[in-house]
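Student: I should like to take a close look at a single part of this model. Could you please guide me through it in one connected account?

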Amino acid sequence: MSGERKALSLRITGRVQGVGYRAWLAGQAEAAGLDGWVRNRRDGSVEALLAGPAEAVDQVAAACRRGPRVALVDRIQAAEAEPPGHPGFFQGPTL
């Protein structure tokens, strides 16, 4: 794996709240050694920032298309982003 790092901002829509999506994504990101956060949005979407080795970010972002077993992902909007100003990954409050 190269030393290339990247950060992605994701907005995930579909049946992604009330199905454990935030906890699932936090687990995926932590297992991959990523920094960032995940939170619900009041509009029913989930928003996340993933940062770390490019390959790991891409793998977790691809897994987000499936999500946990009971989720139904309709769409993911992804954009390059600035990395977070903190190490580790956390679940934030609804915004």
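Tutor: The account below concerns helix 2, together with its surroundings and the charged pairs of the chain.

Please keep in mind that this is a predicted model. Helix 2 spans residues 54–63. Its buried residues are Ala54, Ala56, Val57, Val60, Ala61 and Ala63. Which elements cover them? The cover includes strand 1, helix 1, strand 3 and strand 4.

Consider one of these residues, Ala56, which has its place in helix 2. Ala56 counts as buried because its relative accessibility is 8%, and the limit for that class is under 20%. Leaving out residues up to four places away in sequence, Ala56 touches Ala32 and Leu34. The distance between the C-alpha atoms of Ala56 and Gln28 is 10.0 Å, and these two residues are 28 residues apart along the chain.

The position just before Ala56 in the numbering gives another view of the helix. Glu55 also lies in helix 2, but Glu55 counts as partly exposed, at 42% relative accessibility. Its C-alpha atom is separated by 8.3 Å from that of Arg5, although the two residues are 50 residues apart along the chain.

The nonpolar interior comes next. In soluble globular proteins, nonpolar side chains tend to be buried together. Here the largest nonpolar core has 25 residues, and those with the most contacts inside it are Leu10, Ile12, Tyr21, Leu25 and Leu50. Helix 2 supplies at least two residues of this core, and so does each of strand 1 (5–15), helix 1 (21–31), strand 3 (46–53) and strand 4 (72–80). Leu25 shows what such a residue meets: its contacts are Ile12, Val38, Ala48, Leu50, Val60, Cys64 and Phe89, when residues up to four places away in sequence are not counted. One of these partners, Val60, is also one of the buried residues of helix 2.

From the interior we turn to the charged side chains. Side chains of opposite charge can pair when their charged atoms come close. In this model the count comes to 4 salt bridges. How far apart are the closest N and O atoms in the salt bridge of Asp58 with Lys6? They are 2.6 Å apart. Asp58 lies in helix 2 and Lys6 in strand 1, so this pair ties together parts that are 52 residues apart in sequence. Asp58 counts as partly exposed, at 37% relative accessibility, and Lys6 is partly exposed as well, with a relative accessible area of 27%.

A further salt bridge joins the side chains of Asp43 and Arg11, at 3.3 Å from N to O. This pair links distant parts of the chain, 32 residues apart: Asp43 is in the loop between strand 2 (35–40) and strand 3, while Arg11 is in strand 1. Asp43 counts as exposed, at 56% relative accessibility, whereas Arg11 is partly exposed, with a relative accessible area of 22%.

The salt bridge between Arg39 and Glu47 has its closest N and O atoms 2.9 Å apart. Salt bridges that share partners join Arg39, Arg41 and Glu47 into one network. Within this group, a polar contact of 3.0 Å connects the side chains of Glu47 and Arg41. Is Glu47 buried or exposed? Glu47 is buried, because its relative accessible area is 12%, and the limit is under 20%. Arg39, by contrast, is partly exposed, with a relative accessible area of 22%. Glu47 lies in strand 3. Apart from its neighbours within four places in sequence, Glu47 is in contact with Leu10, Arg11, Trp37, Val38, Arg39, Arg41 and Leu95. Among these partners, Leu10 is one of the residues with the most contacts inside the nonpolar core, and Arg11 takes part in the salt bridge with Asp43.

One residue of strand 2 completes the picture, namely Asn40. Asn40 is buried, with a relative accessible area of 10%. Leaving aside neighbours within four places in sequence, its contacts are Gln17, Arg22, Ser45, Val46, Pro93, Thr94 and Leu95. Leu95 is thus a partner of Asn40 and also of Glu47.

To return to helix 2: its buried residues include Ala56 and Val60, while Asp58 is partly exposed and forms a salt bridge with Lys6.

Definitions and conventions: Residues numbered from 1 in each chain as written. Predicted model: local features only at pLDDT ≥ 70, side-chain atom pairs only at ≥ 80, totals over all residues. Heavy atoms only, no water. Core = buried A, V, L, I, M, F, W, Y, C linked by side-chain atoms within 4.5 Å. Buried < 20%, exposed > 50% of the residue type's maximum accessible area, 1.4 Å probe, protein only. Helix = DSSP H or I, 4+ residues; strand = E, 2+ residues; numbered from the N terminus. Contact = heavy atoms within 4.5 Å. Polar contact = N/O pair within 3.5 Å; in protein donor to acceptor, adjacent residues only side chain to side chain.
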